[in-house]
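Reader: I should like a close look at one part of this model, namely the disulfide and its surroundings. Please relate that part to the sheet, the helices and the salt bridges.

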Amino acid sequence: MPNKAPTISPELASRKRTHKIAGLIVAFVWMCITPALFGQQDVHAALTPAPNRKPAPAFQLVMQDSTKMQISDYRGKVVLLNFWATDCGGCVLEIPSFIELEKAYKDKGFTAVGVSMDISYEDLKSADEAWARVRPFIAKHGVNYPIAMGDDAISKAYALNAFPATYLIDKSGKIAVAYVGMVVNKDNVETNIKSLLAER
């Protein structure tokens, strides 16, 4: 007698189909997300030659201690200017690298400056609402450099279309490097910072 194929209950067959569909959905989402996420993890950029650099757009923003700051306050220093938001996954991942750079070079003529873009990124109503998110984030992650609250004016001045966005500004206040995307490996940034610190 020929062997009979094992029978599967309708309930088990339905469960298997559901699991298979779920697996296909997960695979599809992973395929979509992976290039976007991992493709940005190794952002590199070369220094713009000094004669070709353009001045960093001027701005005046309120910092976490309620004082005002402007980019000209840092003239004579190399500045890492980072535009970020608390719910921007790539932004959060790269901040530890900037904390390390601040720790290593803050006494050598360098500073990192973070500009929170939470108001526009989260479509918030006010700076107070944004600070309610940003201040706990600063404390939780041990951010050791100044944070200012961004606005529409700075977004337009720096033509910000995506986050994170990071600029290295030389001692004369000119943009030497622009990083568009997530910087997790800080080696390239650190090399450029060292070069800028060595410039006269």
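Author: A disulfide is taken here as a pair of cysteine sulfur atoms within 2.5 Å. The model is a predicted one, and by this rule the count comes to one disulfide. Cysteine 88 and cysteine 91 form that bond, with their sulfur atoms 2.3 Å apart. The torsion about the S-S bond of cysteine 88 and cysteine 91 is about 75°, so the disulfide is right-handed. Burial is assigned under 20% relative accessible area. Cysteine 88, at 4%, is therefore buried, and cysteine 91, at 0%, is buried as well.

Glycine 90 brings a remote loop into the picture: its C-alpha atom and that of valine 184 are separated by 8.5 Å, although the two residues are 94 apart along the chain. Valine 184 lies in the loop between β8 (174-180) and α6 (187-198) and is partly exposed, with a relative accessible area of 31%.

The sheet comes next. Six strands form an open sheet in the order β1-β8-β7-β4-β5-β6, with mixed pairing. β1 (54-55) and β6 (147-149) stand at the edges with a single partner strand each, so one side of each has no neighbour in the sheet. At one of these edges, β1 and β8 pair in the antiparallel sense over two bridges; lysine 54 has isoleucine 175 of β8 as its bridge partner. Helix α2 (residues 89-105) packs on the sheet and touches β4 (78-84), β5 (110-116) and β7 (165-169), its direction making about 160° with that of β4. Helix α4 (residues 127-141) also packs on the sheet, touching β4, β5 and β6, and its direction makes about 165° with that of β6.

Salt bridges complete the account; a search of the whole structure finds five. One of them joins the side chains of aspartate 87 and arginine 133, at 3.2 Å from N to O. This pair links distant parts of the chain, since aspartate 87 is in the loop between β4 and α2 and arginine 133 is in helix α4, 46 residues apart. Aspartate 87 is partly exposed at 48% relative accessible area, as is arginine 133 at 32%. Glutamate 100 forms a salt bridge with lysine 186, the closest N and O atoms being 3.0 Å apart. Here glutamate 100 belongs to helix α2, while lysine 186 is in the loop between β8 and α6, 86 residues apart.

Notes: Residues numbered from 1 in each chain as written. Predicted model: local features only at pLDDT ≥ 70, side-chain atom pairs only at ≥ 80, totals over all residues. Heavy atoms only, no water. Helix = DSSP H or I, 4+ residues; strand = E, 2+ residues; numbered from the N terminus. Buried < 20%, exposed > 50% of the residue type's maximum accessible area, 1.4 Å probe, protein only. Pairing = 2+ DSSP bridges. Contact = heavy atoms within 4.5 Å. Axes fitted to C-alpha atoms, helices over the stretch in contact; angles between N-to-C directions. Salt bridge = Lys/Arg side-chain N within 4 Å of Asp/Glu carboxyl O.
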